[in-house]
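This report walks through one protein chain, from its overall make-up to single residues. Have the sequence and the coordinates at hand.

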Amino acid sequence: MVAVVGRPNVGKSTLVNRIIGSRSAVVEELSGVTRDRRQFDADWAGRDFILVDTGGWEVKPEGDLNLSIRQQAEGAVSGADAVLLVVDGTTELTDDDTGVMGILRSAEIPVVVAVNKVDDASTEREVDRFWKLGLGEPMPVSAYHGRGVGDLLDRLVEELPEAPEIEERPDVTRVAIVGRPNSGKSTLLNRLVGEQRVIVSDTPGTTRDPIDVDAQIDGVTYRLIDTAGIRRKPQISEDADFYAVLRAREALKRSDVAILMVDATEGVTHQDQRIASEIVEAGVGLIVVLNKWDALDEEQREITERSLPDRLSFVGWAPVLRMSALTGARVGRLGDALEAVVETRANRVPTGVLNRNIREWSAAHPPPVRRGRRPKLHYTVQAGVAPPTFVVFVSGGELGNDYIRFLENRLRSVYDFTGNPIHFVTRNRSER
């Protein structure tokens, strides 16, 4: 475990992206873009390690948010086997730099100093002044251009302890926690993990990077992914926020189940509906959580309950949980819901039984006539699971979305696909 630390805007995330070979960490010229600890798998010279990107460390953080960023960085150091300290080679040392060094000297773990923004040989002469840090030889690098990063990694892997023997474990279910900004996503993750793993703030948009954390829920290990709040494009004013939303959508697509956090004090909004639609389109299992339920009085709860069938009717198959992530009230019900969604995600209907059902349903309720022709259903097969996907062969016209919904409703009335979208694909079959 290697923690990448330093004061704000010295290029920590740029260096992380250079090492792992992708633009996974949000980078912007503004300071304070990285906020939570974020982990990445990395390797060099045959040695695997985990790289932990952290927010900028400040001696005197202004406000609770910056204080939380500092605490997250210190937490990363306390759990690391080595530290990669990043300093800016184009500026003088600041109080924040020296403050970070004080923390590292007391940590008693190996420290490698990366002097960043050394873009050419003419600026390397300035690197010698960083010997006075007392943390060993400073390594000149340019994270942006990749200059000197190989030598830096050679030095880093030399400082790592011997790798422990780790048993290979089966793939865990990936659960994305998604929703609008400030709906309680990070609070729920911290509650499930049992520690302040990600920063929680009243400021919308605090989370920017997807945060992956393994947690046990009712004895089952899940990989929880806390994502940035997904909001409409007109509401995104900063580049960092734009890419944070983009990464949240990418995290959703690679997940098995999504927990849609809805702020019960505001009810189901149009944006909640849009996010639910994205979940269905991605083919991900869905659990709807009405968060902050304890903050509602009886009248407000009744209004919210009445609005659910109208605003989330298109995902009426998804379990709906009412809880408080802050107090932990009813959070214990999440384990059963996750188990049900994961189990039914792999359900498969035998082809013979499926076609017999389809024939009965289409005979009792034939597809409507379109453009003077009535489509005819010939054959249906379940082509895949996770999500359940069905291919329908038809002739004589196209099946409309209304009839597809009819088939889906009949399927759900007979077979259990709790919490999972059903995808239909139609194929035209030429008549002989």
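Two strands count as paired if DSSP finds at least two bridges between them. By that rule strand 1 pairs with strand 4: 4 bridges join them, and the two run parallel.

## Overall picture

The model is predicted. Its protein chain averages a pLDDT of 82, and 81% of the residues score at least 70. Residues 26-35 fall below 50; even so, this stretch has 38 contacts in the model beyond near neighbours in sequence. Residues 197-209 also stay under 50 in pLDDT, and the model gives them 58 contacts beyond four places in sequence.

The secondary structure comes to 11 helices and 15 strands. The chain has 432 residues, and 50% of them count as buried. Take the contacts between residues at least 6 apart in sequence: 69% of these join residues at least 24 apart.

## The six-stranded sheet

In what order do the 6 strands of the open sheet lie? The order is 2-3-1-4-5-6, and the pairing is mixed. Strand 2 (38-44) and strand 6 (138-140) are the edge strands, each pairing on one side only. Neighbouring strands are turned by 30 degrees against each other on average, with direction ignored.

Strands of a sheet pair through backbone hydrogen bonds, either parallel or antiparallel. Both senses occur here, as the mixed pairing says. Strand 2 and strand 3 (residues 47-53) pair in the antiparallel sense over 7 bridges. Strand 1 and strand 3 run parallel and are joined by 3 bridges.

The table lists one bridge for each of three strand pairings.

| Residue | Bridge partner | Strand of the partner |
|---|---|---|
| R38 | D53 | strand 3 |
| A3 | V52 | strand 3 |
| V5 | L85 | strand 4 |

Strand 1 (2-5) sends its side chains both ways. V2 and V4 point one way, whereas A3 and V5 point the other way. Are these four residues buried or exposed? All are buried. Two of them appear in the table: A3 stands opposite V52, and V5 has L85 as its bridge partner.

## Helices across the sheet

Helix 3 (residues 95-107) lies across strand 1, strand 4 (82-88) and strand 5 (111-116). Helix 3 runs at about 165 degrees to strand 4. Helix 4 (residues 149-159) lies across strand 1, strand 2, strand 3, strand 4, strand 5 and strand 6. Its angle to strand 5 is about 170 degrees.

Helix 4 also packs against helix 1 (residues 12-20). The axes are 11 Å apart and meet at an angle of about 85 degrees. Angles of 65 to 115 degrees count as roughly perpendicular, so helix 1 and helix 4 are roughly perpendicular to each other. Which residues make the contact? Helix 1 supplies L15, R18 and I19, and helix 4 supplies V149, L152 and L153. Of these residues, 5 are nonpolar, none is polar and 1 is charged.

## V112, a buried residue

V112 is found in strand 5. Its relative accessible area is 1%. The cut-off for buried is under 20%, so V112 is buried.

What does V112 touch, leaving aside residues up to four places away in sequence? Its contacts are V83, L84, L85, M139, L152, R155, L156 and E159. L85 is 27 residues away along the chain, yet the C-alpha atoms of V112 and L85 are separated by 6.1 Å. L85 is also the bridge partner of V5. L152, another contact of V112, takes part in the contact of helix 1 with helix 4.

## Backbone points to check

Two asparagines have a positive phi. N9 has a phi near 65 degrees and lies in the loop between strand 1 and helix 1. N9 is partly exposed, with a relative accessible area of 37%. Phi of N182 is also near 65 degrees. N182 sits in the loop between strand 7 (173-179) and helix 5 (185-193). N182 is partly exposed, and its relative accessible area is 33%.

One peptide bond deserves a look. A cis bond joins A386 and P387, with omega about 5 degrees. P387 is in the loop between strand 13 (376-384) and strand 14 (389-395).

Conventions:
Residues are numbered from 1 along each chain as its sequence is written. This is a predicted model: local features need pLDDT of at least 70, side-chain atom pairs count only at pLDDT 80 or more; totals for chains, interfaces and linings use all residues. Side-chain values use heavy atoms; hydrogens and water are left out. Axes are lines fitted to C-alpha atoms, for helices over the stretch in contact, and angles run from 0 to 180 degrees between N-to-C directions. Contact means heavy atoms within 4.5 Å. pLDDT is the predictor's confidence in each residue, from 0 to 100. Angles under 35 degrees count as roughly parallel, over 145 as roughly antiparallel, 65 to 115 as roughly perpendicular and the rest as oblique. Ala, Val, Leu, Ile, Met, Phe, Trp, Tyr, Cys and Pro count as nonpolar, Asp, Glu, Lys and Arg as charged, and the others, Gly among them, as polar. Buried means under 20% relative accessible area, exposed over 50%, partly exposed in between (1.4 Å probe, protein chains only).
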